[in-house]
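Reader: I'd like to learn how to read a structure like this one. Can you walk me through it, feature by feature?

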Amino acid sequence: MEKPLKHTPESVLVTGGAGFIGSNYLLRMVRKYPDVRFVNLDALTYAGNLANLHEIEEASNYRFVRGDISDSNLVDSLFEQFRFTTVVHFAAESHVDRSIEDPLAFVRTNVTGSTTLLDVARHHWVENGNASRMRFHHISTDEVFGSLGLDGRFSEDTPYAPRSPYAASKASSDHFARAYAETFGLPVIISNASNNFGPFQFPEKLIPLVISNALDLKPIPVYGRGENVRDWLYVEDHCAALDTILHFGSDLRTYLVGAGNEVPNLDLVRSLVDLVDRTLDRSEGTARKLIRFVKDRPGHDFRYALDVSRIQEELGWEPDHTLEDGLKKTVDWYLSNKGWLDSVRDDSYLHYYDRMYTDRLNSGGN
Ligand code: NAD
Ligand code: TDX
């Protein structure tokens with residue numbers, strides 16, 4: 001299918017590029033598009049890990065800036081300096097359990113921070129009359145649609161019904177993105193993806209937590225009875241979809257991204273721990289003994305599932321990985337990158353920025 005090109009990125013602001021999906025995205029895009037400049041703005045919260053970007057940190061078309069998306073002066077000065085044609089906005093607080101502990105942190109970044117970015121982009125693009133060649137890609141989640149029962153799937157037209165503070169903050173940022181498009185003519189495009197998994201995911205999320213605990217023979221917590229269903233998407237397939245949406249998607253359009261891999265949590269956890277045992281040559285059932293049913297998450301959404309016919313039919317995107325392939329690649333990655341996992345667990349990853357940037361500056365490098 002020949003697709004018409006809708007946007008040509010030249011200078012791209014990527015927010016949250018040191019996080020899980022953002023770093024997978026930058027590793028793909030910086031190498032694939034050497035003539036396009038990528039500026040990664042990331043506050044380096046606990047979820048930001050610059051070591052993820054080691055392979056591209058010296059690339060001539062890549063720059064890292066440590067900063068908060070809510071800092072409008074900083075974002076404005078970056079727009080002045082780099083003349084962005086494109087924003088790809090990943091930065092967010094992203095963990096549902098943390099949003100139950102501290103909802104306001106989610107409002108600050110996901111709502112105020114996202115709206116700050118939209119507003120600076122409006123100032124630079126719309127008020128200067130050159131919005132039509134620009135693009136603001138807002139990355140969002142299927143959780144904005146709420147919770148499904150045993151049947152049905154979300155589509156782009158499903159009304160929003162968020163149920164956790166995280167989902168409410170993401171829904172709010174989606175609404176602001178759409179409002180800036182409708183009211184000010186900002187060239188916004190939105191994608192809502194299902195649960196991602198793969199390399200560099202912080203081990204607070206289900207899949208890396210299970211791998212990490214199975215590896216160390218620690219208890220593996222399953223919320224409730226493990227009956228909740230998630231629709232799993234391998235992160236490289238998501239990044240390929242985002243690449244396609246950025247270039248070929250239409251303004252003011254939403255695209256759902258998912259791979260149709262619906263599995264109840266307990267089944268997923270069992271397959272994962274068996275895979276870890278097999279990969280480590282341990283006797284069958286070793287890690288299954290670690291599974292513990294624990295108190296359920298408050299307001300735990302029962303099921304997510306996506307109808308992805310729009311992105312398939314309009315943009316020709318299909319995932320390249322089956323769930324089995326993706327899980328195998330993920331387990332292999334964590335087991336062969338034990339150093340990455342150790343540095344996250346002992347917090348030494350937090351010093352990567354000082355080692356790479358501050359120390360180098362102090363010693364006269366750049
Ligand atoms: P993540 O938590 O791994 O990474 C978030 C990144 O944003 C980190 O590098 C962090 O340092 C940075 N950040 C946080 N607050 C910031 C701020 N105020 N200013 C600048 N940077 C800040 O998240 P992720 O899983 O990679 O998710 C990325 C995006 O994709 C989020 O918007 C999330 O809602 C969305 N999403 C995630 C999934 C998933 O399964 N992980 C699925 C669908 C959509
Ligand atoms: O220890 C656990 N035990 C458990 O049973 C954890 C951490 C989770 N779970 C369950 C809760 C969910 O039903 O596993 C499922 C997946 O949980 P998470 O990995 O926390 O993901 P989820 O809450 O589904 O949200 C994720 O997908 C959508 C991301 O964290 C979001 O950023 C994304 O938008």
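Author: Happy to. Let's start with a term: a polar contact is a pair of N or O atoms within 3.5 Å. Keep in mind that what you see is a predicted model. Now the case here: a nitrogen atom of ligand 1 lies 3.1 Å from a polar backbone atom of Ala 43.

Reader: Which side chain has an N or O atom 2.6 Å from an oxygen atom of ligand 1?

Author: That's Lys 170, through an N or O atom of its side chain. The backbone takes part as well: a polar backbone atom of Asn 196 sits 2.9 Å from an oxygen atom of ligand 1. As for cover, ligand 1 on its own has 840 Å² of accessible area, and the protein covers 96% of that.

Reader: Which residues come nearest to ligand 1?

Author: There are 28 residues around ligand 1, and the nearest are Ile 21, Asp 42, Ser 94, Tyr 166 and Lys 170. You can sort the shell by type, too: 13 of its residues are nonpolar, 12 are polar and three are charged.

Reader: And which elements supply at least two residues of that shell around ligand 1?

Author: Look at helix 1 (20-32), strand 5 (135-141), helix 5 (165-184) and strand 7. Strand 5 has the largest share, with three residues.

Reader: Let's try the other ligand. Which residues are closest to ligand 2?

Author: Ligand 2 is surrounded by 19 residues, and the closest are Ser 94, Glu 143, Tyr 166, Arg 297 and His 300. Three of these names come back when you look for polar contacts. An N or O atom in the side chain of Tyr 166 is 2.5 Å from an oxygen atom of ligand 2. For the side chain of Arg 297, the distance to an oxygen atom of ligand 2 is 2.6 Å, and for that of His 300 it is 2.7 Å. The protein covers 94% of the 650 Å² of accessible area that ligand 2 has on its own.

Reader: Which elements give two or more residues to the shell around ligand 2?

Author: Those are helix 6 (206-215) and strand 8 (220-223). Strand 8 gives the most, three residues. By type, the shell around ligand 2 holds seven nonpolar, seven polar and five charged residues.

Reader: Now sheets. What should I look for?

Author: The general idea is that strands of a sheet pair through backbone hydrogen bonds, either parallel or antiparallel. Here, seven strands make an open sheet in the order 3-2-1-4-5-6-10, with parallel pairing. At the edges stand strand 3 and strand 10 (254-257), each pairing on one side only. Neighbouring strands of this sheet are turned by 20 degrees against each other on average, direction ignored.

Reader: How many bridges join strand 2 to strand 3?

Author: Five, and the two strands run parallel. To find your way there, pick out Phe 38, which stands opposite Tyr 62 in strand 3.

Reader: What is the order of the strands in the sheet of three?

Author: That open sheet runs 7-9-11, and its pairing is mixed. Strand 7 (195-197) and strand 11 (262-264) are at the edges with a single partner strand each, so one side of each has no neighbour in the sheet. From one strand to the next, the twist averages 50 degrees. Strand 9 (residues 229-234) pairs with strand 11 in the antiparallel sense, over three bridges. In one of these pairs, Val 229 has Pro 264 in strand 11 as its bridge partner.

Reader: One last feature: how do I read salt bridges?

Author: In general, side chains of opposite charge can pair when their charged atoms come close. The count in this model comes to 22 salt bridges. One of them joins Glu 55 and Arg 31, with the closest N and O atoms 2.7 Å apart. Glu 55 is in the loop between strand 2 (37-42) and strand 3 (62-66) and Arg 31 is in helix 1, so this pair ties together parts that are 24 residues apart in sequence.

Terms used:
Residues numbered from 1 in each chain as written. Chains lettered and ligands numbered in written order. Predicted model: local features only at pLDDT ≥ 70, side-chain atom pairs only at ≥ 80, totals over all residues. Heavy atoms only, no water. Pairing = 2+ DSSP bridges. Helix = DSSP H or I, 4+ residues; strand = E, 2+ residues; numbered from the N terminus. Axes fitted to C-alpha atoms, helices over the stretch in contact; angles between N-to-C directions. Near = heavy atom within 4 Å. Polar contact = N/O pair within 3.5 Å; in protein donor to acceptor, adjacent residues only side chain to side chain. Areas by Shrake-Rupley, 256 points an atom, 1.4 Å probe, with all protein chains shown as cover. Nonpolar A, V, L, I, M, F, W, Y, C, P; charged D, E, K, R; others polar. Salt bridge = Lys/Arg side-chain N within 4 Å of Asp/Glu carboxyl O.
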